[in-house]
Amino acid sequence: MVVEAKKREIKEAHKRKKIMRERFKQEENIASAMIIWINEILPNWEVMRSTRRVRELWWQGLPPSVRGKVWSLAIGNELNITPELYEIFLSRAKERWKSFSEASSENDSEGVSLADREGSLELIKLDISRTFPSLYIFQKGGPYHDVLHSILGAYTCYRPDVGYVQGMSFIAAVLILNLEEADAFIAFANLLNKPCQLAFFRVDHSMMLKYFATFEVFFEENLSKLFLHFKSYSLTPDIYLIDWIFTLYSKSLPLDLACRVWDVFCRDGEEFLFRTGLGILRLYEDILLQMDFIHIAQFLTKLPEDITSEKLFSCIAAIQMQNSTKKWAQAFASVMKDIKEGDKNNSPALKS
């Protein structure tokens, strides 16, 4: 027994040393990458962002010290939002909160139109408490509670046509951890204005179905066995993809890994969100093939917590985002065209 205990102790010591060596190497890589990003890439952003060298460095993950800056530059500001504009909409949100508070204290909410999308301001309070609860920084009394509340409130007033949708709090929270308040709002609003995010947060069912159909094209191409297994149970992508896309994986994956997914998403756009989904399915393919509908749905809703960056990105890298001669954008356009033609053929006017 003593000998066995000694062996276990030596084995554990070797394991700890290996982890420490890997961590030290990782820290060295981050430090050297940070110097390159700060001194070479960021000052020459437009020229260097699409070069092979930068794309390869980007794939390895952004150093935390430059992550927010790179995300902001990559997301862009097509909406031309200024910090002053953020303050205007934040003031409006505060006025709305005040009117809600007064209405509820008087037990008379008839003066406030709940049909108005800005009415979703009240829903924000409920959702913030569920945002990264293990970090204890966004909940009431936490250092980032008010900032998260402000950004989400300002957004619902800036985009009343979208309002607040569950899942937004996770996206805003990740941005807050990497950017100053006004910059986080600017990135948040521009990010949610991208076609894929807008389709999901507006709950545009027809567009969402087109994204799912395109995803399935690459699912079948890359993981045919698992694709058929899912088909046999009529397990459709919406069951697991909606939560992943709504929160950009920030709820489903460990935070550090989710940030690395965000890094490449900012580089490659919406395609990478669906490639990541296929990477997750590839990583757990053997396990999923042994499961039935209920267990697959449960497993993909709550992924294992021990998922590592190296394993997941190795699986993502193995996913080919090219079907026959079509890449993601072409395949998506093809799906759009097929559905349009199908709608025309099924048109009552044509039938008569």
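## A bridge between two loops

In this predicted model, Arg202 and Asp161 form a salt bridge, and their closest N and O atoms are 2.6 Å apart. Where do the two partners sit? Arg202 is found in the loop between α10 (195-201) and α11 (205-222), while Asp161 belongs to the loop between α7 (145-158) and α8 (168-176), so the pair ties together parts that are 41 residues apart in sequence.

Asp161 has another partner to meet: Arg159 also forms a salt bridge with Asp161, with 2.8 Å between the closest N and O atoms. Are these residues buried or exposed? Arg159 is buried, because its relative accessible area of 14% is under the 20% cut-off. Asp161 counts as partly exposed at 36%, and so does Arg202 at 40%.

## Other salt bridges

How many salt bridges does the structure hold? There are ten. One of them links Lys302 with Glu305, whose closest N and O atoms lie 3.7 Å apart. Both ends of this pair are exposed: Lys302 has a relative accessibility of 60%, and Glu305 has 69%. Elsewhere, Arg55, Arg267 and Asp268 are joined into one network by salt bridges that share partners.

## The second largest pocket

Now for some empty space. The second largest pocket has a volume of about 470 Å³. It is lined by 18 residues, and those closest to its centre are Ser250, Lys251, Ser252, Leu253 and Pro254.

What kinds of residues make up this lining? Nine are nonpolar, four are polar and five are charged. Domain 2 (83-101 + 112-193) and domain 3 (198-339) each contribute at least three residues to the lining.

Technical notes
Residues are numbered from 1 along each chain as its sequence is written. This is a predicted model: local features need pLDDT of at least 70, side-chain atom pairs count only at pLDDT 80 or more; totals for chains, interfaces and linings use all residues. Side-chain values use heavy atoms; hydrogens and water are left out. On a 1 Å grid over the protein atoms alone, a cavity is a set of points where a 1.4 Å probe fits but cannot get out, and a pocket is an open set with protein on both sides within 12 Å along at least five of seven lines; lining residues have an atom within 4 Å of a point. Grid points are joined across faces, edges and corners, and a volume is the space filled by probe spheres set on the points. Ala, Val, Leu, Ile, Met, Phe, Trp, Tyr, Cys and Pro count as nonpolar, Asp, Glu, Lys and Arg as charged, and the others, Gly among them, as polar. Domain bounds come from an automatic or database domain assignment. A salt bridge is a side-chain nitrogen of Lys or Arg within 4 Å of a carboxyl oxygen of Asp or Glu. Buried means under 20% relative accessible area, exposed over 50%, partly exposed in between (1.4 Å probe, protein chains only). Helices (H or I, at least four residues) and strands (E, at least two) are DSSP runs, numbered from the N terminus.
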